[in-house]
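Q: I have a structure on the screen and do not know how to read it. Could we go through some features one at a time?

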Amino acid sequence: MEEMEEELKCPVCGSFYREPIILPCSHNICQACARNILVQTPESESPQSRRASGSGVSDYDYLDLDKMSLYSEADSGYGSYGGFASAPTTPCQKSPNGVRVFPPAMPPPATHLSPALASVPRNSCITCPQCHRSLILDDRGLRGFPKNRVLEGVIDRYQQSKAAALKCQLCEKAPKEATVMCEQCDVFYCDPCRLRCHPPRGPLAKHRLVPPAQGRVSRRLSPRKVSTCTDHELENHSMYCVQCKMPVCYQCLEEGKHSSHEVKALGAMWKLHKSQLSQALNGLSDRAKEAKEFLVQLRNMVQQIQENSVEFEACLVAQCDALIDALNRRKAQLLARVNKEHEHKLKVVRDQISHCTVKLRQTTGLMEYCLEVIKENDPSGFLQISDALIRRVHLTEDQWGKGTLTPRMTTDFDLSLDNSPLLQSIHQLDFVQMKTSSPVPATPILQLEECCTHNNSATLSWKQPPLSTVPAEGYILELDDGNGGQFREVYVGKETMCTVDGLHFNSTYNARIKAFNKTGVSQYSKTLVLQTSEDTDSEEQTVPFPVPSERLPLRRMSPFSSTLNLQPSFPRRSYFDFRSSPHQLSLHSSLQSLNAPGCNFETQPAPYSQLVAWFAFDPGSAHSDIIFSNDNLTVTCSSYDDRVVLGKTGFSKGVHYWELTVDRYDNHPDPAFGVARNNVMKDVMLGKDDKAWAMYVDNNRSWFMHNNSHTNRTEGGITKGATIGVLLDLNRKTLTFFINDEQQGPIAFENVEGLFFPAVSLNRNVQVTLHTGLPVPDCYSSRASIA
C-alpha cells in the first residue's frame, strides 16, 4: 500500500488529508488548506453580480485562466489577481509541493470553531492546486463543497496499517509525535499545539483528551460520519441526481435545483458505480501487469546492453588490432624494400669500388713500369718497346674517360611513401549505422522541355522531385555507347544540366540519371532515348529529345569514338566527354549559345578534324607496380622491370595529340610511349606483343616497336625535362611521335584502326607526367593542310 500514499496527501501541505473537501474539478484538498489559498476578488466578479446581470449559470463560476494569475513565474514570492487594476497583491508562501499558499489578509476572529470552519471573506476565489482551474465561491463559502468521507476512511485504515507513531495534525512544518487526542475535535495534538490551539478553558475545558493509541482505537470503533447535503446541512443524502452526478437529499428534489432532474436510488447507484469502478480497475490492472512485465524487459535490456557493450568493445579492439597488425606487416614489407634498395645501392657502389680499385692498381703498375723504362739508357732497347707502351697508356687513359669515373648509383633513395590516402581512410573510419541513419535521395526527374540534341552533341537537364525532402549531394549521368552496350558514367557532380559532345552522328543513345548523398544512391530515372543528327555535312539541327519510354531496339552503328573534356577523376574509364553547363539557364539560352557565330559546333570540319580530349591514366587497368600521383596524371614504377599503364579514354575516330614530360630519368633506362589495346600485356615493355604500337627511347636514340619487331632506329634521345609527343591520326590511320616538338623519325605506323588507348611503359628510374587537350603540332597541321 506504500504506492498509494501519494494519493492520500494534500497537494498544498504535503501531509495526509485532514477533513478533505471535493472541488468541482473532482480533486481534493484539506479544508484548512483551502482557506489558506483563498484570494479575494473584485466585486464585479462576484456570483451575485453575475446572477444579477444574467450571466451566471451555476453556483460556482470558473474564471478565465487568462484573467487570473495566481502563481508567479518568477520566484518573487507574490501572486496577484491580474484581471483588474484594483486587485490586491497578497504575499504567499510555498507548500511542500511547490503550490503558492495565500494566507488570509486579516487574522480570523477568535471562535470556538475550527479555523477551517470559520467564515471566509466575501467574494473569495479558490484555484485547484492540481489542475489550476479557478472558481469564485458563493455565499456558502467552503461549506458549499462536499466532504470526502470515503477518503478520510481510507486514510484512517492506511495509518492504522502502518502502525507508526501518530503525528500531530496541526504542526506547520515537520509534524511532531502526538501526545493526546481530543475525542470531540477528533484531532491529534502535540504538547505545543495543544497549549496553543486547544487550551483547557472555556468550552474546550469540557473536551475529553485521551492518549493517541486509545484515540486511534476509539476512532476506529466510532461509527462513520454520515455524509450530509451541502445545501441542507441537516439532511442526509438519500437519492442520486443522474444529470448533476451527485448525491442529493429529498429537500433538493422538492425545493432545490434538482427538482426537475432524473434521480435514482442512492443504494442502486452505489452498487452500479462500484461495479463500473471494478470493471475499470480490471482494465487498469491488466495495464499495470503489462507495465511490470515491460519494466522487467527494460531491466533485462540494461543487462543485455552491458553484455553487448563488452562484446562490441572487444570486437572493435580486435578490428583495430587487425588494422594495426596489417599496418605493421606493411611496414615490415616497406622496410624490406628499403633494405633491398639499400643493399642494391651498396652492391652497385661496392662493385664499382672494386672495379675501380683493380683498374687503378693496374694503371699505377703501368705508370711505375713506364717510369722505370724511361730511366733506361739503352736507346735501341727502349725503342723496341716504346710504341707498345705508348699504345697501352693511351688505351688505359681512354678506358678511364668513358664514364668510369661517374658513380653508377645516386646516394638518394628514390622512394616516397604516400600515406595521405591511408590517413584519410583512417579519419573516415566510422560505424556503418552512423552513416546510414539518413535515407537516400529521391530519383531525379529528366526535364524534357530543356533537353535537346544538336548535331553530334546532346544537352540534358534534370531536377529533384518537388516533394523531395532528402537533399542530394550530387548526380551521376550515364550514357550507353550508341551500339546498345553497357551504360558508362559521363558526369559526376552537383550541376543539373550538362552537354555531352562528340557523339556519333546518326546514332541512337540511351541516357539515365541518379542522385547520391553520403548514405547511398537513388534509383535510376526513366531511360531517355535520343537521336543525333545524320552527318556533319548536313545543316545544323536542333532535335528535342523524345519522351521517356521503354528502351527501344537500337540500330547497330560503327564503333564509337572518343569525345571531349573527360574529367580525370571519374571512377571508371569513359568513352564520352562531358562539359558542365552551369550558365545554361534554359533551353532557349542553350540553343542561342550553340547557334552563336564562332561557337564550337561549326558545320565545316577542320582540315584534319582534330578532337581535343582530356583524360588521365587509369589506375584500374594498370599494373600493380605503377605508382600514381597528381590526380593520376603523373606515374612512376616501384619495379626495375618495365610495367604498362593505359589512359582512361579510348579512341576510334578523329585526330588526337598528347604529350608526356620526363620528370625523372636515372641510369639511362628506355621507357616506351604509344598506344595499345585494352588487353595489352602489362608486365613487359610496350610493343613486345601484337596489342601495342610504341616508340622506346634512351638517352641517345629511339626505335619503333610492334609485336617485338624493332624498326627505324633514329638518333636523338631524352633526358630529364624532355617532352615526348604522340599523335594518333585515325582519319589517316597513322601514328607519329615527337621529341621536344620535333618529329622523331618518319611516320611510325600506318594502317592503324580500331580502338586504341594511350599507353606508357616504364620502370622505377623514370617518372612522367601526362598533358592532354593539346593542339596538333604546327608542322603536322601544315602538312595535313597541304595534303
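**Reading a helix, a sheet and a loop**

A: This is a predicted model. We can start with a helix: the buried residues of H8 are Ser 386, Leu 389, Thr 396 and Trp 400.

Q: What do the buried residues of H8 pack against?

A: A residue counts as buried when its relative accessible area is under 20%. To read a buried face, look for what covers it. In this model the buried residues of H8 pack against helix H7, residues 266–374.

Q: How many residues does H8 have, and what span does it reach from its first C-alpha to its last?

A: The span of a helix can be set beside the one expected at 1.5 Å a residue. H8 covers residues 379–401, which is 23 residues, and it reaches 32 Å, close to the expected 33 Å.

Q: Where does H8 bend?

A: The bend is at Ser 386 and amounts to about 40 degrees. Ser 386 is also one of the buried residues of H8.

Q: How many helices and strands does the chain have?

A: There are twelve helices and 40 strands. Of the 787 residues in the chain, 39% are buried. Contacts can also be sorted by distance along the sequence. Taking those between residues at least 6 apart, 63% join residues at least 24 apart.

Q: What is the order of the strands in the open sheet of three?

A: Strands of a sheet pair through backbone hydrogen bonds, and the pairing is either parallel or antiparallel. Here the order is E12-E11-E13, and the pairing is antiparallel.

Q: Why is one side of E12 and of E13 left without a neighbour in the sheet?

A: Strands E12 (187–189) and E13 (209–210) stand at the edges and have a single partner strand each, so each has one side without a neighbour there. Strand E11, residues 180–182, pairs with E13 over two bridges in the antiparallel sense. Within that pairing, Cys 182 stands opposite Leu 209 of E13.

Q: Is Gln 744 buried or exposed?

A: A loop residue is judged by the cut-off given earlier for buried residues. Gln 744 lies in the loop between strand E37 (742–743) and strand E38 (749–750). Its relative accessible area is 7%, so Gln 744 is buried.

Q: Which side chain makes a polar contact with the side chain of Gln 744?

A: That of Ser 702, at 2.9 Å. Apart from neighbours within four places in sequence, the residues in contact with Gln 744 include Met 695, Phe 704, Thr 714 and Phe 737.

Technical notes. Residues numbered from 1 in each chain as written. Predicted model: local features only at pLDDT ≥ 70, side-chain atom pairs only at ≥ 80, totals over all residues. Heavy atoms only, no water. Helix = DSSP H or I, 4+ residues; strand = E, 2+ residues; numbered from the N terminus. Expected span 1.5 Å × (residues − 1). Bend = angle between axes of the 7 residues up to and from the residue. Buried < 20%, exposed > 50% of the residue type's maximum accessible area, 1.4 Å probe, protein only. Contact = heavy atoms within 4.5 Å. Pairing = 2+ DSSP bridges. Polar contact = N/O pair within 3.5 Å; in protein donor to acceptor, adjacent residues only side chain to side chain.
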